[in-house]
Amino acid sequence: FVKLVLTTNDPDGAGPCTLARDTVMITLTASPVTQTITGNATVCLPSTGVVYSVPTQAGMTYTWSVPTGVTITGGQGTSSITTTWSASAITGSVCVTIANSCGSVQPCKAVAVNVTPTATITGTTSICPGANATISIALTGSSPYTVVYSNGTNNTTINTSTSPYTFTVNPAASTTYTLVSVTNGTCAGTV
């Protein structure tokens, strides 16, 4: 702030001379400073509780905007928000307008979306001794996929961009094949 002091020896000009003072206080308001938004640059869809924030600057207002399909569930008007990303959310930018009477700045963070994968296993349920069985794994979400399945004894990892992924097995005895996990490099999916 700046303090101006006016001093006079004859305040009304009619004499006698007496000392008088008047003070004016001028406060300098800081301009908004561009900040870097922290938070995920890639979001697995759907997701809840995804937080974005900037360092707090005193005396500022904060107005956030998010891509289509994203809901701000808390913190609008503050330096930190919590978001929910629906299954239909799109890639875009999370932005915040930081403002006061001296101006505004609007930093943004580009955010890519990645649809969380799912996997379902089906196949031949009955074969004759020595025959092959066909197993199919249907995959959804963003590819490429890394799928792990088990024959009850060993886990096998498959890397593919194809759905359904089909393969043959030749078990010597009755065997149950189950899915262990599915990921797409960014997001862990459901099996």
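Trainee: So strands here are DSSP runs of E, at least two residues, numbered from the N terminus. Which strand gives the most to the lining of the largest pocket?
Mentor: That is β11, with 3 residues. Keep in mind that we are looking at a predicted model.

Trainee: Sure. Which strands each supply at least two residues of that lining?
Mentor: Both β11, residues 118–123, and β12, residues 133–140, do so.

Trainee: And how much space lies in the largest pocket?
Mentor: About 400 Å³. The lining has 19 residues, and the closest to the pocket centre are Thr124, Thr125, Ile127, Pro171 and Thr175.

Trainee: How do the lining residues divide into nonpolar, polar and charged?
Mentor: You get 11 nonpolar and 8 polar residues, with no charged ones.

Trainee: Back to β11 for a moment. Is Thr120 buried, partly exposed or exposed?
Mentor: Thr120, which sits in β11, has a relative accessible area of 47%. Exposed would need over 50% and buried under 20%, so Thr120 counts as partly exposed.

Trainee: How far apart are Thr120 and Ser136 in space?
Mentor: Their C-alpha atoms are 8.2 Å apart, while 16 residues separate the two in sequence.

Trainee: What about Ala133, buried or exposed?
Mentor: Ala133 belongs to β12. With a relative accessible area of 6%, it falls under the 20% cut-off and is therefore buried.

Trainee: How far is Ala133 from Gly123, in sequence and in space?
Mentor: Ala133 and Gly123 are 10 residues apart in sequence, and 7.2 Å apart from C-alpha to C-alpha.

Trainee: And Thr140, what is its relative accessibility?
Mentor: Thr140 is also placed in β12. Its relative accessibility is 41%, which lies between the 20% and 50% limits, so Thr140 is partly exposed. Thr140 and Ser163 are 23 residues apart in sequence, with 7.6 Å between their C-alpha atoms.

Trainee: Changing topic: which peptide bond leading into Pro144 is cis, and what is omega there?
Mentor: The bond from Ser143 to Pro144 is cis, with omega near 5°. Pro144 itself is in the loop between β12 and β13, the latter being residues 145–150.

Trainee: And what about the bond from Leu45 to Pro46?
Mentor: The Leu45 to Pro46 bond is cis too, with omega near -15°. You will find Pro46 in the loop between β3 (42–45) and β4 (47–53).

Trainee: Last one, about the surface. Which residues form the nonpolar patch with about 280 Å² of accessible area together?
Mentor: Val24, Ile26 and Leu28 form that patch. Of these, Ile26 lies in β2, residues 20–26.

Trainee: Why does Ile26 pass the accessibility cut-off for a patch?
Mentor: A patch residue needs over 30% relative accessible area, and Ile26 passes because its value is 36%. That value also makes Ile26 partly exposed.

Methods:
Residues are numbered from 1 along each chain as its sequence is written. This is a predicted model: local features need pLDDT of at least 70, side-chain atom pairs count only at pLDDT 80 or more; totals for chains, interfaces and linings use all residues. Side-chain values use heavy atoms; hydrogens and water are left out. On a 1 Å grid over the protein atoms alone, a cavity is a set of points where a 1.4 Å probe fits but cannot get out, and a pocket is an open set with protein on both sides within 12 Å along at least five of seven lines; lining residues have an atom within 4 Å of a point. Grid points are joined across faces, edges and corners, and a volume is the space filled by probe spheres set on the points. Helices (H or I, at least four residues) and strands (E, at least two) are DSSP runs, numbered from the N terminus. Ala, Val, Leu, Ile, Met, Phe, Trp, Tyr, Cys and Pro count as nonpolar, Asp, Glu, Lys and Arg as charged, and the others, Gly among them, as polar. Patches are made of residues with over 30% relative accessible area and no salt bridge: like charges are joined within 9 Å, nonpolar side chains (Val, Leu, Ile, Met, Phe, Trp, Tyr) within 5 Å. Accessible areas come from the Shrake-Rupley method with a 1.4 Å probe; for residues, only the protein chains shown count as cover. A salt bridge is a side-chain nitrogen of Lys or Arg within 4 Å of a carboxyl oxygen of Asp or Glu. Buried means under 20% relative accessible area, exposed over 50%, partly exposed in between (1.4 Å probe, protein chains only).
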